[in-house]
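User: I am new to reading protein models and would like to learn how to describe one, feature by feature. Could you take me through it slowly?

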Amino acid sequence: MGRDDPELFEATQFTIEDVDHDSQSSQTESLLGRANSPPPNSHTNDVPYQDSADDTEKDDVHYPPAKRRAHAGGTAIHIPTRAEVEAGLLLSKTKKRPGAEYRNTVIVGLVLMLIGAWGISQLLALGTRFGHGGPKINVILMVSDGMGPASETMGRSFLQYLHDAASTTEGRSLLNQSIWSSLESGFVGREMGMFGIMPLDEMLVGTSRTRSSNSLVTDSAAGATAFASALHTYNGAIGVSPAKTPVGTVLEAAHRQGFSTGLVTTSRITHATPAAFYAHVVDRDLESDIASFLIGDGPQGQVVDIALGGGRCFFRANSTTDSCRTDDVDMFAKAKANGITVLDGMKALNDWHDDKGHDKPEPVLGLFHDSHMDFEIDREQITLSSDEQPTLKQMVHHAIQHLEKFDDKGFFLMVEGARIDMAGHNNDPVGHISDMLAYHSTVAYLKDYVANANEDGMKTILISVSDHETGGLALGRTLGTAYPEYAWYPEVLVNATHSTEYLGAQVAKEATSKSYLRSEIFEKGLGIVDISDDEVDGLWKVRTSAYRSNLFLADCISRRAQVGWSTVGHSGVDVNLYAWGFNSTGIAGNRENIEIGEHIAHSMGLNLDVVTLELNKKLDWFSDDAGHSLSRTTHVNHYHGEF
C-alpha cells in the first residue's frame with residue numbers, strides 16, 4: 001500500500017490533540033517513509049507507548065496517548081502511522097459500502113440542487129424594471145472633460161483677479177459685474193492675502209488616475225468607458241472591452257433596475273463621453289451608429305429617459321442640409337416613432353417646459369446645435385433667438401425636473417462640461433476659462449440640490465471628475481532664451497470677447513485686409529491692443545485655414561498671459577476627484593478611474609455583469625471590425641512619435 005492506493009487514503013484518519021510543541025512525531029516520519037525513520041511501532045521517550053495484546057483486534061485500533069502540555073493552549077494534528085492506517089483500512093472493508101444506485105441518487109440530487117441554486121441566483125440578478133427592490137438613491141456624475149489640476153488653479157486665480165479689481169465707473173468688483181457674479185460668494189469676506197474658494201474646492205476628496213488599457217495617455221472614449229463600465233479599455237472604444245466585446249454600463253444597469261436615467265452635455269450627444277454610457281461600438285467615430293442606441297434601436301431598447309446637448313447633424317438624413325450621417329436615415333422621425341419627445345432648439349425646450357412636459361414620464365431628446373454647443377463666452381454673444389442655446393446649468397435643471405417625475409426610486413444623471421476639453425485642444429485660455437466657470441456654476445447649483453435632497457431623506461451623491469487633462473497646461477511660461485519670470489497674468493484674459501475657435505472661423509470667412517485682423521480680431525475679439533506687425537503678418541499668412549488661425553490666435557494671447565501648453569492633445573497626469581453628499585468619503589484617496597464606476601454601481605446596487613450577459617447573448621447587431629480604432633491605438637511599451 002502507498003500514496004497511490006485510494007482505499008488506503010480513504011481509511012486515513014486524523015485526530016487533533018493537545019500536544020507539546022517540542023515533541024517529535026516519529027509516526028509522521030514513518031508515514032512519510034523517510035530512510036532514517038524508525039520502524040512503524042518503535043517508541044520514543046517523548047511519547048511512551050506499550051504494546052497491548054488487544055492491538056491486533058480489527059475493531060479496536062489502538063492509538064498512543066499524546067503527551068499533554070503542562071499548561072493550556074495549542075493544538076496539533078496527529079497523523080497516524082502506516083500500521084494504524086492499514087488497521088483502519090482492514091476495519092473499513094468489513095462495513096457495507098453504498099451501492100451504485102445510492103451513489104447515482106446522490107449525484108442526481110446534487111445536480112438538481114446546483115441547477116436550482118443557479119436558477120434562483122439568475123432570477124434574483126435578472127430583475128426587471130418592475131417590482132424589484134434595491135436602494136433608493138440619486139447619483140449625479142459630473143465629468144469636467146479635459147480639466148486638470150492647473151485648470152482649476154487657473155479658474156480660481158482668474159476669479160480672484162476679478163474680485164480684487166474694482167470697476168472704475170461703478171466702484172464694484174469686476175466679478176460682481178460679470179456673468180460669473182454667482183460665484184462671488186466664495187471670494188467675499190476672506191482674510192487679507194487669502195484666495196477665495198471655488199464650488200469644487202470644498203468637495204475635494206482625492207485624485208483619479210487616467211490611463212487606458214493600451215496607453216498611459218487616455219482618450220475620452222476609454223476614459224468615459226472606465227467610468228461607465230468600471231473597465232479599462234483601449235483608446236477609441238465605446239462601451240466595449242479590449243477584446244472588442246460589449247460591456248454593460250451603469251446607466252443601462254440603472255435603467256433596467258428601475259432608476260430613471262439622463263445625460264447632459266455641451267458636446268454632440270453622440271460624442272465619446274456621453275456615448276460610452278449608452279452605446280457599444282468599437283470606434284468612437286461611428287457616431288451614425290451611436291445615434292441609433294440613443295433612440296432605442298440598440299439591443300437594450302430605450303435606456304435614456306432624457307438626453308440634452310448638441311449634435312443634430314447625426315440625426316438628420318444625409319440627403320438634407322447640415323447632416324453628418326453616413327446614411328439617409330431620419331433619426332428624428334425614428335425617435336418620434338419610438339415614443340420619444342424631440343426638442344429641436346431652445347424654443348422647443350421652452351415650449352415643452354411651459355406645457356408641463358416635465359410631468360410626462362416619456363423619453364426626451366433635446367438638441368440645441370448642429371454639432372457641439374458653443375463655448376460659453378461665445379454663447380453669451382448670440383443675438384438671434386433662433387441660435388439661442390441653454391447653459392449647462394439650465395439643461396441640468398430641466399433634466400432633474402424630468403427625472404424626478406418617473407418614480408421615487410431615484411435617478412442616474414451624467415453631466416459633461418465637454419467644451420473645457422476642446423478649448424484645451426485649441427490651447428485657448430479664453431474658452432478654457434469660460435467653460436470651466438460655467439461648469440463651476442452648475443456645480444454650485446447641484447451642491448444645493450444634493451444638500452436639500454439629503455435633508456429631505458433622499459440619499460443623493462454628487463461626484464465630479466475629469467476623464468483626463470488636455471493641453472498640458474502650465475501657469476508660467478518661458479518666452480525666448482532669457483530666464484523666465486515667475487508669473488502669469490489673468491488680467492490679459494479679461495477683455496477677450498470670444499474664443500479663439502470662433503475668431504479663427506471669422507478670419508477664414510471674413511478677413512479681407514490686415515486692418516480687419518488688427519481691429520476686429522485682435523483688438524475687439526481678444527482684447528489685445530499691443531499687437532505687433534509681425535503678429536498681424538503671421539495671422540494673414542494662415543488666414544485661409546480656420547484651424548491654423550485658431551491656434552495662432554491662441555498662442556498670441558497665451559504668451560501675453562504667460563500660460564504654457566505642452567500639447568494640443570491630452571496628457572497623462574492624475575486629475576482631481578470631488579464628491580459631495582451621501583457617502584462622499586467612500587471614494588476618497590488616489591483612485592483608478594474604473595473605481596469611480598465601481599463606486600457608482602455599489603452605491604446604486606447595480607449589476608453590470610447581467611447587462612453584459614444580455615448584450616452578448618446574440619451579437620447580430622454588433623460589429624467588431626468597423627471604424628478606425630486600430631489605427632488610433634497606441635501602446636505603452638515603445639515610443640511612437642517623432643523628435
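Analyst: Let us begin with the naming of elements: helices (H or I, at least four residues) and strands (E, at least two) are DSSP runs, numbered from the N terminus. With these names, Asn583 can be placed in the loop between S15 and S16. Please keep in mind that this is a predicted model, in which local features need pLDDT of at least 70 and side-chain atom pairs count only at pLDDT 80 or more, while totals for chains, interfaces and linings use all residues. Residues are numbered from 1 along each chain as its sequence is written, and side-chain values use heavy atoms, with hydrogens and water left out.

User: How many helices and strands are there in the protein, and what share of its residues is buried?

Analyst: The protein has 23 helices and 16 strands. A residue is called buried when its relative accessible area is under 20%, exposed when it is over 50%, and partly exposed in between, using a 1.4 Å probe and protein chains only. By that rule, buried residues make up 48% of the 643 residues.

User: How do I read a sheet, and what is the order of the strands in the open sheet here?

Analyst: Strands of a sheet pair through backbone hydrogen bonds, either parallel or antiparallel. Two strands are taken to pair if DSSP finds at least two bridges between them. In this model, an open sheet of 10 strands with mixed pairing follows the order S7-S8-S6-S5-S9-S3-S10-S15-S4-S16. Strand S7 (341-344) and strand S16 (589-591) each have a single partner strand and stand at the edges, so one side of each lacks a neighbour in the sheet.

User: Which strands of this sheet could I look at as examples of pairing?

Analyst: Strand S3 (residues 137-143) runs parallel to strand S10 (residues 459-465), and seven bridges join them, with Met142 standing opposite Ser464 in S10. Another strand to look at is S5 (residues 260-268), where nine of the nine residues are buried, so S5 is largely enclosed by the rest of the structure. Six bridges join S5 to S9, and the two run parallel; here Thr265 stands opposite Glu416 in S9. S5 is also joined by four bridges to strand S6 (residues 306-310), again in parallel, and the partner of Arg268 in S6 is Gly310.

User: How is the packing of two helices described, and at what angle do H5 and H16 pack?

Analyst: Two packed helices are described by the angle between their axes and the distance between the axes. The axes are lines fitted to C-alpha atoms, for helices over the stretch in contact, and the angles run from 0 to 180 degrees between N-to-C directions. Helix H5 (residues 149-164) and H16 pack at about 85 degrees, with their axes 10 Å apart. That makes H5 roughly perpendicular to H16, on a scale where angles under 35 degrees count as roughly parallel, over 145 as roughly antiparallel, 65 to 115 as roughly perpendicular and the rest as oblique. Contact means heavy atoms within 4.5 Å, and the residues making it include Phe158 and Leu159 of H5 and Met436 and Leu437 of H16.

User: Which residues of H18 are buried, and which are exposed?

Analyst: In H18 the buried residues are Tyr516, Leu517, Ile521, Phe522, Gly525 and Leu526. Seen down the helix axis, these residues fall within an arc of 145 degrees, so they line one face of H18; the arc is that of the directions from the helix axis to the C-beta atoms. Ser515 and Lys524, on the other side of H18, are exposed. The buried residues of H18 pack against helix H17 (500-510), helix H19 (533-541) and helix H20 (546-561).

User: What should I know about phi, and what is its value in Lys356 and in Asn583?

Analyst: Most residues other than glycine have a negative phi, and most peptide bonds are trans. Lys356 has a positive phi near 60 degrees, and it lies in the loop between helix H12 (346-354) and strand S8 (364-367). Lys356 is exposed, with a relative accessible area of 55%. Asn583 has a positive phi near 55 degrees and, at 31% relative accessibility, counts as partly exposed.

User: Where is Ser499 placed, and is it buried or exposed?

Analyst: Ser499 sits in the loop between strand S12 (474-475) and H17, and Ser499 is buried, with a relative accessible area of 0%. Leaving aside neighbours within four places in sequence, Ser499 is in contact with Phe375, Ile377, Asp378, Asp428 and Gly431.
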